[in-house]
Amino acid sequence: EITQEKMDLQKLVKEAASIYGTIIRQKGLEFIVDVSADTPRHIIADIIRLRQVFTNLLSNAQKYTSTGRIEMRVCPVLQFSSRPPSHNLHLLSIPSDLCLAITDISYSDYEETIIRVVIEDTGIGIPAHKQQTIFEAFEQVDNSTTRSLGGTGLGLSICHQIIQLMGGFMWCESDGCSGSFFIFEFPAKIVPSVSVDDPAS
């Protein structure tokens, strides 16, 4: 079940980075967090479920990366005044100057966006034939990783289901030899910032 509530996306990103940043750097890895300037701070989404996805992907990245870097990037990829069809959202792109400004701040009429999160690592990589099945329950890149690094193989499956329930997509990209990208996108309503000139603020 997905709960829709006002949440601070930028704060969530900082919290996730804080939790795993120390662990990542202790391994001698470079850790980069890049939140684009046009990423909305407050959105309507399920903060508990999103936190679960962020932390699971960062945990996996540090677990399977022994040298190099881990990078987390967050940005909006689409804005619109009414929700588009749920399929192929990651293929859509609309220039920011075409976005419509919504002045009414009732939840049903908030401006919406697609948030994209990319977790990149320089770890062991994922073979092409595993890049789809890895999101199935109990699947891992290599069964030997269960013994050497631990884990049940359920985390990615659960994260994939969460993003689907939120109306989004999750996928991975890798050359199969080294490094991988875990990407997810989900639709979210933007909570407008209250103007400092607003008497009610």
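Helices (H or I, at least four residues) and strands (E, at least two) are taken as DSSP runs and numbered from the N terminus. The model treated here is predicted.

**Exercise 1.** State how many helices and strands the protein has, and in what order they run.

Solution. Counting the runs gives 4 helices and 7 strands. Read from the N terminus, the order is β-α-β-β-α-β-β-α-α-β-β.

**Exercise 2.** Compare the span of helix 2 with its expected value.

Solution. Helix 2 covers residues 47–63, which is 17 residues. The expected span is 1.5 Å times one less than the number of residues, here 24 Å. From first to last C-alpha, helix 2 reaches 24 Å, close to that expectation.

**Exercise 3.** Describe the start of helix 2 and list its buried residues.

Solution. At the start, a side-chain oxygen of D46 comes to within 3.2 Å of the backbone nitrogen of I48. Buried means under 20% relative accessible area. In helix 2 this applies to L50, V53, F54, T55, N56, L57, L58, S59, N60, A61 and Q62.

**Exercise 4.** Characterise burial, surface and contacts for the whole protein.

Solution. The protein has 201 residues, of which 43% count as buried. Its exposed area is about 10,700 Å², with 52% supplied by carbon and sulfur atoms. Among contacts with a separation of 6 or more, 76% join residues 24 or more positions apart.

**Exercise 5.** Give the number of disulfides, and classify C75 and C177 as buried, partly exposed or exposed.

Solution. The structure holds 0 disulfides. C75 has a relative accessible area of 25%, so C75 is partly exposed. For C177 the value is 63%, so C177 is exposed.

Key:
Residues are numbered from 1 along each chain as its sequence is written. This is a predicted model: local features need pLDDT of at least 70, side-chain atom pairs count only at pLDDT 80 or more; totals for chains, interfaces and linings use all residues. Side-chain values use heavy atoms; hydrogens and water are left out. Buried means under 20% relative accessible area, exposed over 50%, partly exposed in between (1.4 Å probe, protein chains only). Contact means heavy atoms within 4.5 Å. Accessible areas come from the Shrake-Rupley method with a 1.4 Å probe; for residues, only the protein chains shown count as cover. A polar contact is a pair of N or O atoms within 3.5 Å; within protein, one must be able to donate a hydrogen and the other to accept it, and residues adjacent in sequence count only if both atoms are side-chain atoms. A disulfide is a pair of cysteine sulfur atoms within 2.5 Å.
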